[in-house]
Amino acid sequence: MGLVVQKYGGSSVADAEGIKRVAKRIVEAKKNGNQVVAVVSAMGDTTDELIDLAEQVSPMPAGRELDMLLTAGERISMALLAMAIKNLGHEAQSFTGSQAGVITDSVHNKARIIDVTPGRIKTSVDEGNIAIVAGFQGVSQDSKDITTLGRGGSDTTAVALAAALDADVCEIYTDVDGVFTADPRVVSKAKKIDWISFEDMLELAANGSKVLLHRCVEYARRYDIPIHVRSSFSGLQGTWVSSEPIKQGEQQVEQAMISGVAHDTSEAKITVVGVPDKPGEAATIFRTIADAQINIDMIVQNVSAASTGLTDISFTLPATEGRKAIDALENNRSGIGFESLRYDDQIGKISLVGAGMKTNPGVTADFFKALSDAGVNIELISTSEIRISVVTRKDDVNDAVRAVHTAFGLDSESDEAVVYGGTGR
């Protein structure tokens, strides 16, 4: 008997029919001889609706109370799913994040998991029950308050539980058939990837791929938990994410030179204009941003002007953090000594990811030629051994993704990718 952790996103449990379909799939896994723990997100767009409701009541809702409100969505899903499973003749017990032993830090709305102590979950499955756990939530180690893990946190909940329970696999069910070479909503000829390494999946997730959350993949790599990304709307094999290639029959699946093209239109760019070009200035800027609990992505510093000794530093960050970053920098203007700030939220990022690019000359040239042929202008460039990322105008992103996808031979010659639920989660 194996232990399987399954996670179902909001599109999979969007309505009563979806919940009953998910219940049948869970029961099927149980009938196959597995112990099953299922992690669920809130139904459909419930989380967004709750956020909108909170903002109608208060323009700046307190983090603690917002977390208390948002966790209601997952509690609704878990209870309804447990009811549906019991209706199929199997025993199920539902648990909140805190009951499941998901212990976090005290940062509301984007808490990080510190530890998982799943004693109640293990007891439940050992007694023959199917355990249903509310994703996206936990309890603060210090304050004992309810916390949420941020957007896509149910993925992280599932992998963290899989690691704590020593599960055989963590299955992430979504509304597409696996991880594709590009977002199938943008590239209709995107191909499904059979296997991808943790490293390449981390790059895709960090650069805009919506199928898996970056923190989820990071956690899985740390504890070497294989992830199987599948659709809850079909019975097809999905994408395996693991440290070693999988085998299909007697044949080992090899990783392609280029894994895929990711894009992200949720970032903004801040340019700090007129920074004195001397040691310590960049450190002061980014310490100011770090103290405001803001993560940054790409950074570019211009060559200083000889006549003034001043330079400009640009960086990208989540657009939702833009106002907070501007305020933090303005509050420390005297300490940094810059002239002005420029803010731009009409940007998009395109990233080409693949382990093979470090041993294949010409990849960078082909990438930039594809963008040039599509008439896409580049504003920022960032690279690693297995990734090239550029920032362009937001309006150019879709054309850029399709051009790069075609240029590297990633287009499928057969069936187009199917998006069952329409959200990609």
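**Sheet pairing, salt bridges and local geometry in a predicted model**

Strand β17 and strand β18 (residues 310–318) are paired in the antiparallel sense over three bridges. The model is a predicted one, and the description that follows should be read in that light. Within this pairing, Gln-301 has Ile-313 of β18 as its bridge partner. The two strands belong to an open sheet of four strands, arranged in the order β17-β18-β16-β19 with antiparallel pairing. At the edges of this sheet stand β17 and β19 (340–344), each of which pairs on one side only, and the twist from one strand to the next averages 15 degrees. Helix α8 packs on the sheet, where it touches β16 (267–276), β17 and β18, and the direction of α8 makes about 25 degrees with that of β18.

Charged side chains were examined next. Side chains of opposite charge can pair when their charged atoms come close. The count of salt bridges in the model comes to 23, and three of them are described here together with a network. In one of these, the side chains of Asp-297 and Lys-349 meet with an N to O distance of 2.4 Å. Asp-297 is placed in the loop between α8 (281–291) and β17 (299–301), whereas Lys-349 is part of strand β20 (residues 347–353), so the salt bridge ties together parts that are 52 residues apart in sequence. The two partners are described by separate accessibility values: Asp-297 is partly exposed, at 32% relative accessibility, while Lys-349, at 0%, counts as buried because this value falls under the 20% limit.

A further salt bridge joins the side chains of Arg-185 and Asp-175, with 3.6 Å from N to O. Both Arg-185 and Asp-175 lie in the loop between β9 (169–174) and β10 (195–197), so that this pair ties together parts that are ten residues apart in sequence. Arg-185 has a relative accessible area of 36% and is therefore partly exposed, since that class lies between the limits of 20% and 50%. Asp-175, by contrast, is buried, with a relative accessibility of 0%.

Within helix α11 (residues 363–373), a salt bridge is found between the side chains of Lys-369 and Asp-373, for which the N to O distance is 2.8 Å. Because these residues are four apart in the helix, about one helical turn separates them. Lys-369 is exposed, and Asp-373 is exposed as well. Elsewhere in the model, Lys-269, Asp-344, Glu-379 and Arg-393 are joined into one network by salt bridges that share partners.

Aromatic contacts were also considered. A pair of aromatic rings is described by the distance of the centres and the angle of the planes. The model contains four aromatic pairs, one of which is formed by Phe-367 and Phe-368, with a centre-to-centre distance of 5.5 Å and an angle of 55 degrees between the planes. This pair is classed as tilted, because its angle is neither under 30 degrees, as stacking would require, nor over 60 degrees, as an edge-to-face arrangement would require. Phe-367 is buried, at 0% relative accessibility, whereas Phe-368, with a relative accessible area of 24%, is partly exposed.

Two residues other than glycine have a positive phi, and each is placed in a loop between two strands. Asn-109, for which phi is near 75 degrees, is located in the loop between β4 (102–104) and β5 (113–116), and its relative accessibility of 31% makes it partly exposed. Lys-144, with a phi of about 65 degrees, lies in the loop between β7 (137–140) and β8 (146–148); at 59% relative accessibility, Lys-144 counts as exposed.

Finally, a polar contact of a side chain with the backbone was examined at Thr-46, a residue of helix α2 (residues 46–57). The side chain of Thr-46 reaches the backbone oxygen of Met-43 at a distance of 2.5 Å. The relative accessible area of Thr-46 is 18%, and Thr-46 is therefore buried, as this value lies under the 20% limit.

Definitions and conventions: Residues are numbered from 1 along each chain as its sequence is written. This is a predicted model: local features need pLDDT of at least 70, side-chain atom pairs count only at pLDDT 80 or more; totals for chains, interfaces and linings use all residues. Side-chain values use heavy atoms; hydrogens and water are left out. Buried means under 20% relative accessible area, exposed over 50%, partly exposed in between (1.4 Å probe, protein chains only). A polar contact is a pair of N or O atoms within 3.5 Å; within protein, one must be able to donate a hydrogen and the other to accept it, and residues adjacent in sequence count only if both atoms are side-chain atoms. A salt bridge is a side-chain nitrogen of Lys or Arg within 4 Å of a carboxyl oxygen of Asp or Glu. Two strands pair if DSSP finds at least two bridges between them. Axes are lines fitted to C-alpha atoms, for helices over the stretch in contact, and angles run from 0 to 180 degrees between N-to-C directions. Contact means heavy atoms within 4.5 Å. Rings of Phe, Tyr and Trp (its six-membered ring) pair if their centres lie within 6.5 Å; planes under 30 degrees apart count as stacked, over 60 as edge-to-face and the rest as tilted.
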